[in-house]
Amino acid sequence: MKSNRILAQFARRTWSSVGWESSTQLAFVDAAQSIGALQGNFARWLVEHTAKNDDDIDLSKVRMAKFPFMGHGLAAACPLSAGEVVLEIPHSLWFPLSARYAQQVAELKVPQFVSHLKQVQEHLSCWGVDTGPKLDQHVLLGLHILFEFAEDNSFLQPYLQMLPLRFETPIFWDARRRQELQGTKAAKATEDFESFTRAVHQSVLRGGGISYPLFVWSLSVILSRAVSGKHGSLYPYTLVPLFDLLNHSPRPTCFHNFDPHRQVFVVKTLQDHNPGDQLFISYGDASNEKLLRLYGFTSPNLMHEVCELSPRWPEVDEDDPMHTTKLLLLRECVLGYDGPISISLSKKKSDLADMMQRIRVLQLKPEDLEPGHCLQGMNPSPEDLDFFQPVSSRNEASSALALSNMIQERLNSYATSLEEDQNMIMQATVNPEKLPAWKLCALDCRMGEKLVLQQVLKDVKIIHSYWTEQLHK
């Protein structure tokens, strides 16, 4: 702490000598310096860099702070009112860390590499690998970060030194930790991401110069901190210094937007804040699987939990008299027959409707179309049926039973039950040291998916019970 005070005093004398210090800038730097030398150096860089570029950055309303269980974040430095602008990040700060800038540099210095990267993207797409629309931007921005990090004289060093050297995301977990995700979407997504990044690393970098762990680290920096541009084409794809210290909450206290005319990122409050209150934004309506995979944490809020149901759909028997008709219906009338269905708590009703649509086709029999049985008119053709609605009592009861069995099979694929996971959480409240943070995240992912499945299973059993009763009337 004594060394921090000495550094702060030295900063005051230095800034006074050049005549551009202010009390708010000094207070901002002092608060950062109290956290650590890297944070203090970053804070001084923010003030100095924006001053050199004639960009005013108002640091009077925020402070860097360290919060229990959350790490670094931003706090209110003074009373804030709802709707108040608390932070604006100018073009000179974010543009050198943008995908556009990285691409411009690469095209100028290594145009042949940019061409090679586009060829790799086309090649992977031809082989059925979903590279996404931004593979080249991901890679070029990641490499830009690595190259700047390796340059001791890079003016971005104070910011780059603030980046985490390790992430708690599953891509960096060992086999023992990944075992805790068995059966979850997070486990499959992590395996897919590792396979994809290894393929890209080998194809793009040809195994030389930059190791795979460094390559994945750079991509993790981007995926966890960059503004993605999903808000529209005018939204830059970039890292945003200081802004990227804002932590996530399902109940955010601030929101952000981008002003394309002034080329600044703007953060405004959604509610009043007292000095010291942490400022939160939302990273989106993300499930725990996504939060863990991209950011390395989970949330107790389960409203956005999603479980991907990938059952082994029954094959249409070639001896089935409706074999050709069912195949036609599945391919042309039912969306996504071959793919998995995602079930979420927030859209449970519509997701269940999608699943029942598939199953009704698979369970269809000629007798379901006969008068007295069909619930959709007299002697309809299969092509005229609306499979979002019950076809017959027999078909509905049979479909609900088949879907119930599929969901139960999915629940049985986990190594533990929901009740066992909940008991682990209860025991951890007594002995918190026995449940490390990474394992709690794995439990949150498992429990979220199981909760979704159990709630859907409950609804499906009610459907089955009702239509079975109707069938026997």
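**Exercise 1.** How many salt bridges does the structure hold?

*Solution.* The model is a predicted one, and the structure holds 18 salt bridges. One of them joins the side chains of Asp244 and Arg225, with an N to O distance of 3.5 Å. Asp244 lies in the loop between helix 11 (212–225) and strand 4 (247–248), while Arg225 belongs to helix 11, so the pair ties together parts that are 19 residues apart in sequence.

**Exercise 2.** Work out which parts of the chain are tied together by the salt bridge between Glu449 and Arg410, and decide whether each partner is buried or exposed.

*Solution.* Begin with the contact itself, in which the two side chains meet at 3.3 Å, N to O. Next, place the partners: Glu449 is in helix 17 (residues 437–471) and Arg410 is in helix 15, so the bridge connects parts 39 residues apart in sequence. Finally, turn to accessibility, where buried means under 20% relative accessible area. Glu449, at 2%, is therefore buried, and Arg410, at 13%, counts as buried too.

**Exercise 3.** Explain why Cys441 and Cys445 do not form a disulfide.

*Solution.* A search of the whole structure finds zero disulfides, and for Cys441 the nearest cysteine sulfur is that of Cys445, 7.2 Å away. A disulfide requires two cysteine sulfur atoms within 2.5 Å, so the sulfur of Cys445, at 7.2 Å from that of Cys441, is too far for a bond. As for their surroundings, Cys441 is buried with a relative accessible area of 8%, and Cys445 is buried at 2% relative accessibility.

Definitions and conventions
Residues are numbered from 1 along each chain as its sequence is written. This is a predicted model: local features need pLDDT of at least 70, side-chain atom pairs count only at pLDDT 80 or more; totals for chains, interfaces and linings use all residues. Side-chain values use heavy atoms; hydrogens and water are left out. Buried means under 20% relative accessible area, exposed over 50%, partly exposed in between (1.4 Å probe, protein chains only). A salt bridge is a side-chain nitrogen of Lys or Arg within 4 Å of a carboxyl oxygen of Asp or Glu. Helices (H or I, at least four residues) and strands (E, at least two) are DSSP runs, numbered from the N terminus.
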